[in-house]
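This report introduces a protein structure to a reader who has not met it before. It considers the packing of helices, the nonpolar core and selected loop residues in turn.

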Amino acid sequence: MISPLLANLYMNRMLKGWRQTGRAEQFRARIVNYADDLVILSRGKAREALGWLRGALERLELTLNEKKTSLRNARRERFDFLGYTFGPHFSGRLAGSISDTVHRGRA
């Protein structure tokens with residue numbers, strides 16, 4: 001386990017590589033991160049973006065936490081990030097229709 005400060009330095013290096021190599025455009029994606037946690041939001045190229053991320057972290061001699069790593073279709077499936085649940089939520093007021101809201105999860 002590395003210190004949070006060191007983790008942030010490595011994360012900054014990885015994010016800089018993401019920007020400089022044009023990966024956002026290539027994978028039609030954005031990275032949302034906080035400290036050493038991140039979510040890649042991609043339009044159809046999530047698997048490729050995840051592969052790039054694994055390779056970039058490997059070059060930095062780091063690995064992903066595979067227990068916390070997954071691919072999700074956020075339009076159809078929920079996912080948790082930093083204690084919040086993102087994705088479709090059903091609202092009783094909307095008589096069963098789907099609304100894109102954020103639900104505060106338990107950390």
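Angles under 35 degrees count as roughly parallel, over 145 as roughly antiparallel, and 65 to 115 as roughly perpendicular, while the rest are oblique. In this predicted model, helix 1 (residues 4–20) packs against helix 3 (residues 46–59) at an angle of about 130°, and their axes are 11 Å apart. Helix 1 and helix 3 are therefore oblique to each other. The crossing of helix 1 with helix 3 is right-handed.

The contact between these helices involves Met14, Gly17 and Trp18 on the side of helix 1, and Ala49, Trp52, Leu53, Ala56 and Leu57 on the side of helix 3. Of the residues in the contact of helix 1 with helix 3, seven are nonpolar, one is polar and none is charged.

In soluble globular proteins, nonpolar side chains tend to be buried together. Here the largest nonpolar core comprises 16 residues. Those with the most contacts inside this core are Met14, Trp18, Phe27, Ile31, Ile40, Trp52 and Leu53. At least two residues of the core come from each of helix 1, strand 1 and helix 3. The greatest contribution is that of helix 3, which gives six residues.

Two members of this core may be examined individually. Met14 lies in helix 1. Met14 has a relative accessible area of 3% and, because buried means under 20%, is classed as buried. With residues up to four places away in sequence set aside, Met14 touches Ile31, Leu38, Trp52, Leu53, Ala56, Leu57 and Leu60. The C-alpha atoms of Met14 and Arg59 are 9.7 Å apart in space, although these residues are 45 residues apart in sequence. For Ile40, leaving aside its neighbours within four places in sequence, the contacts are Trp18, Ala29, Arg30, Ile31, Ala49 and Leu53.

Attention now turns to the loops. Two residues other than glycine have a positive phi value, as the table sets out.

| Residue | Phi | Loop |
|---|---|---|
| Arg28 | near 50° | between helix 2 (23–26) and strand 1 (29–34) |
| Leu82 | near 55° | between strand 3 (79–81) and strand 4 (84–86) |

Is Leu82 buried, partly exposed or exposed? Its relative accessibility is 39%, so Leu82 counts as partly exposed.

Key. Residues are numbered from 1 along each chain as its sequence is written. This is a predicted model: local features need pLDDT of at least 70, side-chain atom pairs count only at pLDDT 80 or more; totals for chains, interfaces and linings use all residues. Side-chain values use heavy atoms; hydrogens and water are left out. Helices (H or I, at least four residues) and strands (E, at least two) are DSSP runs, numbered from the N terminus. Buried means under 20% relative accessible area, exposed over 50%, partly exposed in between (1.4 Å probe, protein chains only). Axes are lines fitted to C-alpha atoms, for helices over the stretch in contact, and angles run from 0 to 180 degrees between N-to-C directions. A crossing is left-handed if the near helix is turned anticlockwise from the far one by less than a right angle, and right-handed if clockwise. Contact means heavy atoms within 4.5 Å. Ala, Val, Leu, Ile, Met, Phe, Trp, Tyr, Cys and Pro count as nonpolar, Asp, Glu, Lys and Arg as charged, and the others, Gly among them, as polar. A nonpolar core is a set of buried Ala, Val, Leu, Ile, Met, Phe, Trp, Tyr and Cys residues joined through side-chain atoms within 4.5 Å.
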